[in-house]
Amino acid sequence: MHIVMRKGLTSNADPTLSKVKEMVVRGAYDQTLVFYKQHLHPSTPSALHGIMPIFPSLIKATSLAPSLDFGLQLHCLVLKMGSHSHSIISNSLLSMYAKFSQVEAALLVFNTMTHRDTITWSSLVNCYAQNGYCKEASEMLKEMYTAGFLPKPQLIASIISICGRFGGLRLGRQIHALVTADRRIKEELELELESEQGSVFLSTALLDMYLRCGDCLMAFRVFDRIKLKNHVSWTAMVSGCCANGNYDMALHCFRAMLVEGIRPNRVTLLALLPACANLGGAKHAKQLHGYAFRHGFESDFHFSAALVHFYGECGEALRSAKLIFERMTHKDVVMWSTIIRSYSAGANYSEAIRLFREMQLEGIAPNSVTLLPIISACTNLSSHNHGRGVHGFAFKSGLSSQVVIGNSLINMYSKCGCLMASRQIFQEMPRRDSVSWSTLISAHGLHGQGEKALQLFREMQERGADVDAITFLGVLSACNHTGLVKEGQELFNDAMKDNKISLTMEHYACYIDLLGRSGKLQDACDMINTMPMKPSTRIWSSFVSACKVHGRLQFAEIMVYAESSNWMGVEEVRKVMRDRGLRKNYGFSQIELENKS
């Protein structure tokens, strides 16, 4: 007895062949391939024809095992026996290549097929979509529709989702218009709605696309027309409102969701946290936390991790973050890194370092994300001893070779008074970026080595590294603090001519301070009058202080009255003069060396 299959494929009612299909249904893909090699691999052409009916199942197993080499061997057997003309086998091969991201191979199978059905077209469209070929997927969808094949709502939804991810609002609108205008697609949606599969999937894709592309009005219209709203559509609405900055609307949607009797899931609560952060800080987050606790979400690892991160960012709620962290039964490197970063950002540097040690005692290996806030804590404590310990760990774990870690260590050692160590780390870095150069240039400026900072700046330019605004501010500050007036003027004039660096208020303030310190008051005055933005209080304070130091306070007053015509600025300057007494206070620094401050 034979069971007839599509396009001429037949299958003997052989229990061995049935076993293969049953194994694939169970998800035992690796075992299926082993079973085929041991018991079914054909030794003769006639034997090959006997097992051809199970090839679709075998090809599916290779896709999910996954084993591309095995799939290629099956494809060769199919070609050898001429069975590629069977659409069911060709469709299976096409889907297999799509899962392996072999787009060209999938297209080749498609082009050589003598008979194509809806599954064939859908498989190739999905192949393009899954591998990020947005334009090709949309073009193939158009060809499919033109050829008379009606795309399923799920396929349309996947293309719309791609439009949302890549900002293809125009294409998304065209597809939306097609869905609305084509009676056959509408009927298909109605059938799915009756079977409770729901056209919600397609509607939610449209909703998400419009929200991602910033067309909130159209998104609200789509949402209002969804007959059966589930937690996915509500979550998409909440998430989209947050992404577009409509935090009040996000909270309103969440409350409306509860009123409608739809229970939020973990994804919904995670999507709402940004709204809580922007509407009253910890207040709304604690309410959300209370809801999560009452409904059993607090035990969810991902939600708890998000709460720890959120409370840590709030600052005043750091105690809540610590309580959640301590109650968690499972703490991974992400959770440890989050709580450590929270304490470091909250200026509780000693506790951050203590947690870093405890983390290692618990057997959790820190990564680069963990090390960055710890290095920052050592920097802010000016703790050379702790810094060396962290550096040693980074070196042994191989993390010190990462550019971001190297940059942080350069900064840390320079702030702890060890410029030589900063230079050594810079020289040993396998790769450097503009931040590496900027950090070392600023370090030399901090230690009063302006000429060395200038030398590094010129070397950076010669090597073709990108000079950004931060780098330029670092070298300009070095010139300012070491009295390299001529060099500073040349740098600033070159920057104004090149227009490659966007000069900010900080750059002008630093340059005017450099001119004022050196007694070039007229040059400083000219710069204040010609700078493209309104001078800040800091600039006025710096200029008046320079005039006082050089015995030309009257010049400052005349300049303020005659040049700025800013009477509020006059009062600000006089207030600064009264408050500061135009005296330069002594600065103090403290670093830790050999357990002594």
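What follows is a chat about how some labels on this predicted model were reached.

Reader: Let's start broad. How many helices and strands are there in the protein?

Author: There are 35 helices and two strands. Of the 597 residues, 48% are buried.

Reader: Take S422, then. Why is S422 called buried?

Author: Its relative accessible area is 0%. Buried means under 20%, so S422 earns the label. S422 sits in helix α26, residues 419-428.

Reader: What makes the link between S422 and S414 a polar contact?

Author: The side chain of S422 reaches the backbone nitrogen of S414 at 3.0 Å. The cut-off for N or O atoms is within 3.5 Å, so 3.0 Å fits. Leaving out residues up to four places away in sequence, S422 touches I410, Y413, S414 and L440.

Reader: And F310, why is that one buried?

Author: Same style of check: F310 has a relative accessible area of 7%, and buried means under 20%, so F310 counts as buried. F310 belongs to helix α19, residues 301-314. Its C-alpha atom is separated by 8.2 Å from that of A285, and these two residues are 25 apart along the chain.

Reader: On to the rings. How many aromatic pairs does the count come to?

Author: Ten aromatic pairs. One of them is Y128 with Y133, with ring centres 6.0 Å apart and planes at 70°.

Reader: Why is the Y128 and Y133 pair called edge-to-face?

Author: Centres must lie within 6.5 Å to pair, and planes over 60 degrees apart count as edge-to-face. With 6.0 Å and 70°, the pair is therefore edge-to-face.

Reader: Are Y128 and Y133 buried or partly exposed, and how do you know?

Author: Y128 has 7% relative accessibility, so it counts as buried. Y133 has 36%, so it counts as partly exposed; that label covers values between 20% and 50%.

Reader: What makes the F472 and F492 pair tilted?

Author: F472 and F492 are 6.4 Å apart centre to centre, with 35° between the planes. Stacked needs planes under 30 degrees apart and edge-to-face needs over 60, so the rest are tilted. F472 lies in helix α29 (residues 469-482) and F492 in helix α30 (residues 485-498), so the pair ties together parts that are 20 residues apart in sequence. F472 and F492 are buried, and together with Y508 and Y511 they form one aromatic cluster.

Reader: How do you know that R116 lies over the face of F110?

Author: R116 is at 4.1 Å from the ring centre of F110, and the distance limit is within 6 Å, alongside an angle limit of within 35 degrees of the ring normal. K331 lies over the face of F325 too, at 5.2 Å from the ring centre.

Reader: Last topic, the backbone. Which phi value does A347 have?

Author: A347 has a positive phi of about 65°, although it is not a glycine. A347 is in the loop between α21 (333-345) and α22 (349-361).

Reader: Why is A347 called partly exposed?

Author: Its relative accessible area is 47%. Exposed starts over 50% and buried is under 20%, so A347 is partly exposed.

Reader: And why is S382 called buried?

Author: S382 has 12% relative accessibility, so it counts as buried. S382 is in the loop between α23 (368-381) and α24 (384-397), and its phi is positive, near 50°.

Technical notes
Residues are numbered from 1 along each chain as its sequence is written. This is a predicted model: local features need pLDDT of at least 70, side-chain atom pairs count only at pLDDT 80 or more; totals for chains, interfaces and linings use all residues. Side-chain values use heavy atoms; hydrogens and water are left out. Helices (H or I, at least four residues) and strands (E, at least two) are DSSP runs, numbered from the N terminus. Buried means under 20% relative accessible area, exposed over 50%, partly exposed in between (1.4 Å probe, protein chains only). A polar contact is a pair of N or O atoms within 3.5 Å; within protein, one must be able to donate a hydrogen and the other to accept it, and residues adjacent in sequence count only if both atoms are side-chain atoms. Contact means heavy atoms within 4.5 Å.
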